[in-house]
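Q: I would like a close look at one part of this model. Please keep the answer connected.

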Protein chains: 2
Amino acid sequence: MSVTQSFSGKRTAEIVGITYRQLDYWARTDLIKPSLTPATGSGSRRLYSYQDLLELKVVKSLLDAGLKLEAVRNAFGYLRTQLGEDVASANLVINGSRSVLARSGAELVDILQNGQGVLNVLPLAGVKQQVDAAIVQLYPTPQEAPEQEIVIEPSDVAPLRSVL
Amino acid sequence: MSVTQSFSGKRTAEIVGITYRQLDYWARTDLIKPSLTPATGSGSRRLYSYQDLLELKVVKSLLDAGLKLEAVRNAFGYLRTQLGEDVASANLVINGSRSVLARSGAELVDILQNGQGVLNVLPLAGVKQQVDAAIVQLYPTPQEAPEQEIVIEPSDVAPLRSVL
DNA sequence: AACGTTCATGACATGTTTGTAATTACCTAG
DNA sequence: CTAGGTAATTACAAACATGTCATGAACGTT
């Protein structure tokens with residue numbers, strides 16, 4: 001019944017491409033906590049969901065782009081309030097402290113022209129793609145395959161389930 | 001003959017909207033040094049050009065957007081290698097460590113779709129606009145007016161001279 | 001030429017994010 | 001049930017960007 005794949009802290013870090021220390025720090029400071037199993041004291045183990053991986057990868061991407069962790073925090077706080085939408089191949093657009101999802105290029109250009117200052121744009125499609133690729137490469141079909149959803153749709157617009 | 005307006009360190013900081021400490025730090029660490037008169041020891045005075053103001057404002061904008069100073073440094077290093085173009089109402093696009101200038105919305109969308117990860121977009125038109133506004137507001141026509149180029153073209157696409 | 005103001009500089013303090021290393025708890029195998 | 005390995009915790013260190021403060025040099029004015 002548990003369709004959800006679970007990932008340990010270490011694996012999560014490897015898949016997402018961050019250090020364990022970062023994963024740990026982010027969990028402690030409430031940026032992204034493991035949604036399956038939180039840490040319960042020394043020696044306990046965190047368990048991350050596939051969803052978590054995607055979010056973490058978004059964070060990682062933003063960091064790579066030179067964003068300050070604080071800015072990422074703001075973006076996520078704001079973004080979490082509008083989850084649940086259909087985010088197919090949407091683009092995450094961060095305008096200072098606000099975040100929006102732009103679905104088409106047109107919408108994006110529109111946002112750009114009306115917005116003041118800098119806009120940070122992240123195509124979400126690529127995020128899923130990268131996470132999936134990392135999973136199969138690092139952990140090729142664990143021990144369960146016929147039921148899981150670890151399959152990757154190469155380049156086409158794979159719809160991210162419940163957002164993000 | 002000197003058509004170029006000059007700005008002291010303090011004024012520069014005020015106009016651009018940064019602290020003097022930042023201006024100082026950036027100058028010392030070679031991010032943006034005063035192109036008119038560099039510091040020559042204690043008691044000397046830095047003199048910034050209008051060009052400098054624009055660049056500084058770009059930095060400020062990027063910082064406000066949550067970019068790390070290091071990322072800004074990269075962007076500028078790369079950007080400086082392609083100055084001298086016609087940058088009318090272009091958009092500065094930072095793709096990780098690379099920077100490009102997108103002239104139209106179409107070009108922008110194109111860059112977006114081909115680029116991996118996050119893109120940081122900054123419409124340059126707004127930058128000039130803001131700097132000019134700050135100048136007139138803080139220092140309404142110093143004591144020389146008939147010759148200087150402190151005039152502002154309100155909202156239209158004012159072409160930034162030699163880029164940026 | 002003296003003086004007060006301005007400004008570059010240097011020393012120091014701070015917060016944030018991460019690395020490293022040591023410690024401790026959990027889990028599975030024997 | 002015990003041993004070992006793995007992973008989470010904790011404590012410490014370090015880098016970066018900036019604020020604060022004190023110092024002294026240069027500028028402009030009288």
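Do the copies meet through the same surface or through different ones, and why? Then turn to DNA strand C: which residues are closest?

A: This is a predicted model. Start with the two protein chains. Of the interface residues of chain B, 100% are also interface residues in chain A, so the copies meet through the same surface. Now superpose the copies. A turn of 179 degrees, with a shift of 0.0 Å along the axis, lays chain B on chain A. The RMSD is 0.1 Å. This is the relation of a two-fold axis.

Next, DNA strand C. It is surrounded by 25 residues. The closest come from both chains: Thr19(A) and Ser42(A), along with Tyr20(B), Ser44(B) and Arg46(B). By class, the surface near the strand holds ten charged, nine polar and six nonpolar residues.

What part of the strand does the protein meet? Take the atoms of DNA strand C within 4 Å of the protein: 70% belong to sugar or phosphate. The rest belong to bases.

Three arginines have polar side-chain atoms close to those bases. In Arg21(A), a side-chain N or O atom is 3.1 Å from a base oxygen of the strand. For Arg45(B), the partner is also a base oxygen, at 3.2 Å. Arg28(B) pairs with a base nitrogen instead, at 3.5 Å. Several helices contribute to this surface. Helix 2 (20-28) and helix 4 (69-80) of chain A each give two or more residues to it, as does helix 2 (20-28) of chain B.

Notes: Residues numbered from 1 in each chain as written. Chains lettered and ligands numbered in written order. Predicted model: local features only at pLDDT ≥ 70, side-chain atom pairs only at ≥ 80, totals over all residues. Heavy atoms only, no water. Near = heavy atom within 4 Å. Polar contact = N/O pair within 3.5 Å; in protein donor to acceptor, adjacent residues only side chain to side chain. Helix = DSSP H or I, 4+ residues; strand = E, 2+ residues; numbered from the N terminus. Nonpolar A, V, L, I, M, F, W, Y, C, P; charged D, E, K, R; others polar. Least-squares fit on C-alpha atoms with pLDDT ≥ 70 in both. Contact = heavy atoms within 4.5 Å.
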